[in-house]
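Colleague: Could you go through some of the labels on this model with me? I would like to hear the reasoning behind each one.

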Amino acid sequence: MESEYIIKFKPIGTIYSPFKEPHGAPIQPSGAKGIEGSVEVFTEFLDGLKDIEGFSHIILIYYFHLSKKPSLLVTPFLDKEVHGVFATRASARPNPIGFSVVKLEKVEGNFLMVKDIDIVNGTPLLDIKPCVPKFDFSKVTKTGWLGSTVQDIAETKDDGRFAE
């Protein structure tokens with residue numbers, strides 16, 4: 001049954017990185033080791049940053065604003081076969097929402113200085129959550145079609161296939 005909900009999000013900030021476009025950007029934070037960026041949280045949300053500096057890593061939830069139209073079948077970066085979009089991390093999704101776990105280096109007012117960023121410069125930020133290993137990670141026993149290619153993540157860059 002199709003939902004009757006209309007969901008609207010208002011960005012809470014903007015993500016800044018050295019990547020001016022998707023093409024050539026790392027496709028996951030593990031392929032972006034040491035790459036620095038910053039996250040501007042709009043001043044109306046500044047109180048929400050209280051105590052965030054106590055976490056070494058944060059989860060950035062953002063809108064894939066440069067993604068092309070959604071597709072339920074995609075050929076992801078780490079494979080040559082077509083997969084269902086929900087079995088991938090492709091940006092061309094019905095709801096183009098992404099997330100990245102980044103290292104929080106320091107907080108300067110309403111800016112968060114981060115490392116290991118794989119996000120395109122100017123990306124709208126939807127939310128921030130603290131990364132807590134006991135909450136966020138389970139013992140993973142299967143990685144589906146990625147099992148044989150996941151080791152290639154550090155060398156794999158965006159080739160533009162999901163951007164407009």
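Colleague: What makes Lys 106 partly exposed?

Modeller: This is a predicted model, and the computed relative accessible area of Lys 106 is 44%. Buried would need under 20% and exposed over 50%, so Lys 106 is partly exposed.

Colleague: And why is the pairing of Lys 106 with Glu 108 called a salt bridge?

Modeller: The closest N and O atoms of Lys 106 and Glu 108 are 2.9 Å apart. The cut-off is 4 Å between a side-chain nitrogen of Lys or Arg and a carboxyl oxygen of Asp or Glu, so the label applies to this pair. Glu 108 has a relative accessibility of 40%, so it counts as partly exposed.

Colleague: How do you know that Asp 127 and Lys 129 meet in a salt bridge?

Modeller: By the N to O distance, which is 3.7 Å for Asp 127 and Lys 129; the limit is 4 Å, so the pair counts. Asp 127 is partly exposed at 29%, and Lys 129 is partly exposed at 41%. The structure holds 5 salt bridges.

Colleague: Which parts of the chain does the pair of Lys 10 and Glu 44 link?

Modeller: Lys 10 is in the segment before β1 (13-16), while Glu 44 is in the loop between β2 and β3, 34 residues apart, so the salt bridge links distant parts of the chain. The closest N and O atoms of Lys 10 and Glu 44 are 3.2 Å apart.

Colleague: What makes Lys 10 and Glu 44 exposed?

Modeller: The cut-off for exposed is over 50%. Lys 10 has 54% relative accessibility and Glu 44 has 55%, so both count as exposed. Glu 44 also has its C-alpha atom 9.6 Å from that of Asn 110, 66 residues apart along the chain.

Colleague: Let us turn to the rings. Why is the aromatic pair of Tyr 62 and Phe 64 called edge-to-face?

Modeller: The structure holds 1 aromatic pair. For Tyr 62 and Phe 64, the centres are 5.4 Å apart and the planes are at 85 degrees. Centres must lie within 6.5 Å to pair, and planes over 60 degrees apart count as edge-to-face, so both conditions are met.

Colleague: Are those two rings buried or exposed, or something in between?

Modeller: Tyr 62 has a relative accessible area of 5%, so it is buried. Phe 64 has 21%, and buried means under 20%, so Phe 64 is partly exposed.

Colleague: What makes Ser 67 buried?

Modeller: Its relative accessibility is 10%, and the cut-off is under 20%, so Ser 67 counts as buried. Ser 67 lies in the loop between β3 (57-63) and β4 (73-74), and a polar atom of its side chain is 3.3 Å from the backbone nitrogen of Ala 92.

Colleague: Finally, which residues have the most contacts inside the largest nonpolar core?

Modeller: They are Ile 58, Leu 60, Leu 112, Val 114, Leu 125 and Ile 128, in a core of 17 residues. The strands β2 (36-41), β3, β6 (97-108), β7 (111-115) and β8 (123-130) each supply at least two residues of this core, and β3 gives the most, with 3 residues. Leaving aside neighbours within four places in sequence, Ile 128 is in contact with residues including Ile 12, Val 41, Leu 49 and Leu 112.

Definitions and conventions: Residues numbered from 1 in each chain as written. Predicted model: local features only at pLDDT ≥ 70, side-chain atom pairs only at ≥ 80, totals over all residues. Heavy atoms only, no water. Helix = DSSP H or I, 4+ residues; strand = E, 2+ residues; numbered from the N terminus. Buried < 20%, exposed > 50% of the residue type's maximum accessible area, 1.4 Å probe, protein only. Polar contact = N/O pair within 3.5 Å; in protein donor to acceptor, adjacent residues only side chain to side chain. Phe/Tyr/Trp six-rings, centres within 6.5 Å; stacked < 30°, edge-to-face > 60°. Core = buried A, V, L, I, M, F, W, Y, C linked by side-chain atoms within 4.5 Å. Contact = heavy atoms within 4.5 Å.
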